[in-house]
Amino acid sequence: MNRSPIAVLTIVAVLALALSVSACGRKGDPVLPKEQRNTFPDQYPKSTQPQGGVFSGT
């Protein structure tokens with residue numbers, strides 16, 4: 001049974017679209033592991049000291 005290249009490409013495109021949509025992720029709210037606590041919103045930077053580094057000019 002010979003299939004035209006357009007039919008094969010169409011089947012491959014439909015399968016790729018179906019697999020990509022099905023792999024979107026879990027539904028529902030995110031859940032923290034039992035060992036962690038929620039620290040949101042967190043302050044940045046955590047220290048009051050000036051930041052150093054390559055671009056800081058120090």
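## A tour from Ser20 outward

Begin by selecting Ser20, whose place is in helix α1, and keep in mind throughout that the coordinates belong to a predicted model. With Ser20 still highlighted, switch on a surface display: Ser20 is partly exposed, its relative accessible area being 43%, a value that falls between the 20% under which a residue counts as buried and the 50% over which it counts as exposed.

Next, show the side chain of Ser20 together with the backbone of Leu17, where the Ser20 side chain reaches the backbone oxygen of Leu17 at 2.9 Å.

Now widen the selection to residues 5–22, which make up the 18 residues of helix α1. If you place a distance label between the end C-alpha atoms, it should read 26 Å, which agrees with the 26 Å span expected at 1.5 Å a residue. Colouring α1 by burial adds a further point: the number of its residues that are buried is zero, so the helix lies largely in the open.

Finally, select the whole chain, which has one helix and zero strands. Of its 58 residues, 0% count as buried, and the accessible surface of the chain comes to about 6,300 Å², with 62% of that area belonging to carbon and sulfur atoms.

Note on methods
Residues numbered from 1 in each chain as written. Predicted model: local features only at pLDDT ≥ 70, side-chain atom pairs only at ≥ 80, totals over all residues. Heavy atoms only, no water. Helix = DSSP H or I, 4+ residues; strand = E, 2+ residues; numbered from the N terminus. Expected span 1.5 Å × (residues − 1). Buried < 20%, exposed > 50% of the residue type's maximum accessible area, 1.4 Å probe, protein only. Polar contact = N/O pair within 3.5 Å; in protein donor to acceptor, adjacent residues only side chain to side chain. Areas by Shrake-Rupley, 256 points an atom, 1.4 Å probe, with all protein chains shown as cover.
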